[in-house]
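Open the structure in your viewer and keep the selection tool at hand. We will go stop by stop.

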Amino acid sequence: MTKVEIANQVAEKTGITQVAVKVVINEFIKSVKGSLLRGEKVTLREFGTFKYVQGAPRRARNVVEGGWVYVPARKKIKFVPGKEFKKSVWKNVPVK
């Protein structure tokens with residue numbers, strides 16, 4: 001599902017114009033990005049939490065040259081689904 005499809009669906013269900021819904025979605029995304037850049041975690045109750053985590057440095061295999069290379073530590077964005085989200089989505093996900 002794309003951002004446009006989400007905006008269309010929300011507009012249909014709420015009666016708000018698609019343009020207004022798109023503005024709200026874009027501002028929401030900007031707010032989440034801004035919070036993560038400041039090092040804050042973003043928690044949406046019953047949905048989940050977005051947060052930066054520090055990845056550890058590690059060794060990796062260089063498949064071209066056949067040796068080991070050092071991969072430095074880096075920041076990653078992690079999403080941890082909330083309990084309600086897990087209950088409603090995971091048990092209803094079709095198995096392929």
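The tour begins with the whole chain and then moves to single residues.

**Stop 1: the whole chain**

This is a predicted model. Show the chain as a cartoon and color it by secondary structure. You should find three helices and five strands. Now trace the chain from the N terminus. The order of elements is α-α-β-β-β-β-β-α.

Zoom out next. The C-alpha atoms fill a box of roughly 60 × 35 × 30 Å along the principal axes. How does the radius of gyration of the chain compare with that of a compact globule of 96 residues? The chain has 19 Å, while such a globule would have a value near 12 Å.

Switch on the surface. Its accessible area comes to about 8200 Å², and 58% of that belongs to carbon and sulfur atoms. Of the 96 residues, 17% count as buried. Contacts tell another part of the story. Among those with a separation of 6 or more, 30% join residues that are 24 or more positions apart.

**Stop 2: helix 1**

Select residues 3-14, which form helix 1. Pick Val10 in this helix. Val10 is partly exposed, at 33% relative accessible area. Add Met1 and Ile6 to the selection. Together with Val10 they make a nonpolar surface patch of about 280 Å².

Now move one residue along, to Ala11, also in helix 1. Is Ala11 buried or exposed? Ala11 counts as buried because its relative accessibility is 10%, and the cut-off for buried is under 20%. Show its neighbors. Leaving out residues up to four places away in sequence, Ala11 touches Ile16, Thr17, Gln18 and Val21. Draw a distance line from Ala11 to Val21, C-alpha to C-alpha. The two are 10 residues apart in sequence and 6.5 Å apart in space.

**Stop 3: helix 2**

Select residues 18-37, the 20 residues of helix 2. From first C-alpha to last, helix 2 reaches 29 Å, close to the 28 Å expected at 1.5 Å a residue. Which residues of helix 2 are buried? They are Val21, Ile25, Val32, Gly34, Ser35 and Leu36. Show what lies over them. The cover includes helix 1, strand 1 (42-44), strand 2 (48-55) and strand 5 (74-81).

Then step past the end of the helix. Gly39 follows helix 2 with a positive phi, near 85°.

**Stop 4: the salt bridges**

How many salt bridges are there? The count comes to three. Show side chains as sticks and visit each pair.

- Glu27 and Lys30: their closest N and O atoms are 3.4 Å apart. The two residues are about one helical turn apart, because they sit three residues apart in helix 2. Glu27 is partly exposed at 41%, and Lys30 is exposed at 53%.
- Arg38 and Glu40: these side chains meet at 3.4 Å, N to O. Arg38 is exposed at 58%, whereas Glu40 is partly exposed at 38%.
- Lys87 and Glu84: here the closest N and O atoms are 4.0 Å apart. Both residues lie in helix 3 (residues 83-90), three residues apart, about one turn of the helix. Lys87 is partly exposed at 49%, and Glu84 is partly exposed at 40%.

**Last look**

Return to the cartoon of the whole chain. Find helix 2 again, with buried residues including Val21. Then find Ala11 in helix 1, which touches Val21.

Note on methods. Residues are numbered from 1 along each chain as its sequence is written. This is a predicted model: local features need pLDDT of at least 70, side-chain atom pairs count only at pLDDT 80 or more; totals for chains, interfaces and linings use all residues. Side-chain values use heavy atoms; hydrogens and water are left out. Patches are made of residues with over 30% relative accessible area and no salt bridge: like charges are joined within 9 Å, nonpolar side chains (Val, Leu, Ile, Met, Phe, Trp, Tyr) within 5 Å. Accessible areas come from the Shrake-Rupley method with a 1.4 Å probe; for residues, only the protein chains shown count as cover. Helices (H or I, at least four residues) and strands (E, at least two) are DSSP runs, numbered from the N terminus. Buried means under 20% relative accessible area, exposed over 50%, partly exposed in between (1.4 Å probe, protein chains only). The radius of gyration is taken over C-alpha atoms; the globule rule is 2.2 Å times the number of residues to the power 0.38. Contact means heavy atoms within 4.5 Å. The expected span of a helix is 1.5 Å times one less than its number of residues.
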